[in-house]
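I opened this notebook to keep track of what I looked up in one structure, and in what order. The topics are enclosed space, a covalent link, a helix and an open pocket.

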Amino acid sequence: MASLLWAGAMTGCGSEVRVRGAALVPLPAEVVAGDSGFTLGPATAISVPAEAAGVAEHLAFAVREATGRRPERRSGGEIRLALAAGAGAEGYELTVDDDGIVIRAQTEAGLFYGVQTLRQLLPQRADGEPVRVAGVRITDRPRFPWRGAMLDVARHFLPVAEVKRYIDLMAAYKLNVLHLHLTDDQGWRLAIEGWPELTKIGAASQVGGGPGGFYTADDYRDLVAYARARFVDIVPEIDLPGHTNAALASYGVLNCDGRRRDPYTGIEVGFSALCVGSPQTDRFVSDVIAEVARLTPGRYIHVGGDEVRELSTPAYTRFMERVQEIVGATGKRMAAWQEAGRARLLPGTVVQYWKTDEDPGVVADAVRQGAKVVMSPASRVYLDMKYDSWTHAGQDWAGMVEVADSYEWDPATLIEGVGAAAVLGVEAPLWTETVGGFDDLTYLAFPRLPAVAEVAWSPQGRRSFETFAPRLAAQAAQWKRWGINYHESPQVPWKR
């Protein structure tokens, strides 16, 4: 076998991966071309061990996409999944030769990621004709364990079906964390037992007005199950103690004067805060966190902690330390935005870096306390930023963010004193103040979301935008088949 390098790749930079026309995103750790390949025909079957039954349907779907027919599942099938030690928790090895296609991994998650790579290798014809796959051996594993996307359903509510569709788009690029921003000034989107006014009043609107909406406990369980079937963990965010006007409008006891606030449909921030330190607020926070923890099988609960301008620093830090205790009592770990680094933090707490226009010293302080960092620099990966002045949706307070901006950075060198060992991962937030529907959402996410996925997955030394852009361009045909709207960035050589 010979290593596959794209003609024109720069020495020392990442190489474009091409397997007879296939271009892979995110870039695998190693790709070696083979001398022979395999043809999928009408009788091609799949073989999946019982221990990996959760991946069988994803493999069958990938084959059906390419051939137009659902493959039979039987022992000794030509396309095989195998559990084997050695690839790491999420790594895999994919081999195509004249005997068939084999994906080996240590875990079901690794097999799933191998299947996502196979989807990109298979021609998307679905016409019933035989499909030829070139010989190749791919050895791959992710750089970071937290590869996330944040979806804001508080400013504009998104129904369950649209959140599921976004999960599918994430999973196709090996992202494994959906940070779901469930509450804010404009809306409270999750039913909480014992606090019915949160959804009766707090969920009844959104930015600009409109009906709003919320998820029942069963809706949320459905989302969690759907995500976990695609090896995505949902990290719910209940934003506290600021960004709380929807709660303050629902219950007067959460305000220090005992009076309900008016519902809010604007986009300004920093004007709201719970009456911290009161018994009513403590009971409210405890009840909410307990309910969210009960519904969430993952290990993290995000509590916000950002843009709290109505509290003094001592009041803020006392609250963040108290909510950290409440989260810990449920068996979960706390995640919060970078401002939480001002408080005393427990080892293993996650702080999320986002403020690129401020001194990141608070993040380094959090790391010195044993915290881990999720990198979400707004000027790089905030998907709600406009691409340029002509972009019809989005904001520009962190600047214009083109696809190269989202790609050309290293999470391990972004903040002095925060090296690779302290970086848990990378996450691309998408706030929805200006999002009018799912087409707006995908237009802002694509092509930047796959760019961030490669930052989170691929070895830093293998990456360069020069070789990424043509691989990204090759993804557009799939996006069109998926029916998603995307930005045709002038930085990408789209195929016509």
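The entries below follow the order of my look-ups.

Entry 1, the model. I note at the outset that this is a predicted model, and I read every value below as computed from it.

Entry 2, cavities. I searched the whole structure for enclosed space, and two cavities of 30 Å³ or more came up. I then took the largest cavity, for which I noted a volume of about 60 Å³. Its lining, as I listed it, runs through D185 and Q186, then I201, G202, A204 and S205, then N245, A246 and A249, and ends with P263 and Y264. When I sorted that lining by class, I obtained six nonpolar residues, four polar ones and one charged one.

Entry 3, the disulfide. I looked for disulfides and found one in the structure, joining C256 to C275 with an S to S distance of 2.1 Å. Both cysteines sit in the loop between helix 6 (245-250) and helix 7 (279-295), and at 19 residues apart the pair links distant parts of the chain. I also checked the handedness, and with 100 degrees about the S-S bond the link of C256 and C275 is right-handed.

Entry 4, exposure of the two cysteines. Which of the classes, buried or exposed, applies to each partner? I found that C256 has 65% relative accessibility and therefore counts as exposed, the cut-off for that class being over 50%. C275 has a relative accessible area of 12% and is therefore buried, since that class takes values under 20%.

Entry 5, helix 2. I compared the length of helix 2 (residues 108-121) with expectation: at 1.5 Å a residue its 14 residues should span 20 Å, and because its end C-alpha atoms are 20 Å apart, the two agree. I then looked at its surroundings and noted that helix 2 is mostly covered, with 13 of its 14 residues buried.

Entry 6, the second largest pocket. Helix 2 came up again here, as helix 2 and strand 15 (233-240) each supply at least two residues of the lining of the second largest pocket. I recorded a volume of about 460 Å³ for this pocket and counted 18 lining residues, of which P145, N176, V177, D233 and R299 lie nearest its centre. Strand 15 gives the most to that lining, with three residues. By class, I have twelve nonpolar, two polar and four charged residues in the lining of the second largest pocket.

Key: Residues are numbered from 1 along each chain as its sequence is written. This is a predicted model: local features need pLDDT of at least 70, side-chain atom pairs count only at pLDDT 80 or more; totals for chains, interfaces and linings use all residues. Side-chain values use heavy atoms; hydrogens and water are left out. On a 1 Å grid over the protein atoms alone, a cavity is a set of points where a 1.4 Å probe fits but cannot get out, and a pocket is an open set with protein on both sides within 12 Å along at least five of seven lines; lining residues have an atom within 4 Å of a point. Grid points are joined across faces, edges and corners, and a volume is the space filled by probe spheres set on the points. Ala, Val, Leu, Ile, Met, Phe, Trp, Tyr, Cys and Pro count as nonpolar, Asp, Glu, Lys and Arg as charged, and the others, Gly among them, as polar. A disulfide is a pair of cysteine sulfur atoms within 2.5 Å. Helices (H or I, at least four residues) and strands (E, at least two) are DSSP runs, numbered from the N terminus. Buried means under 20% relative accessible area, exposed over 50%, partly exposed in between (1.4 Å probe, protein chains only). The expected span of a helix is 1.5 Å times one less than its number of residues.
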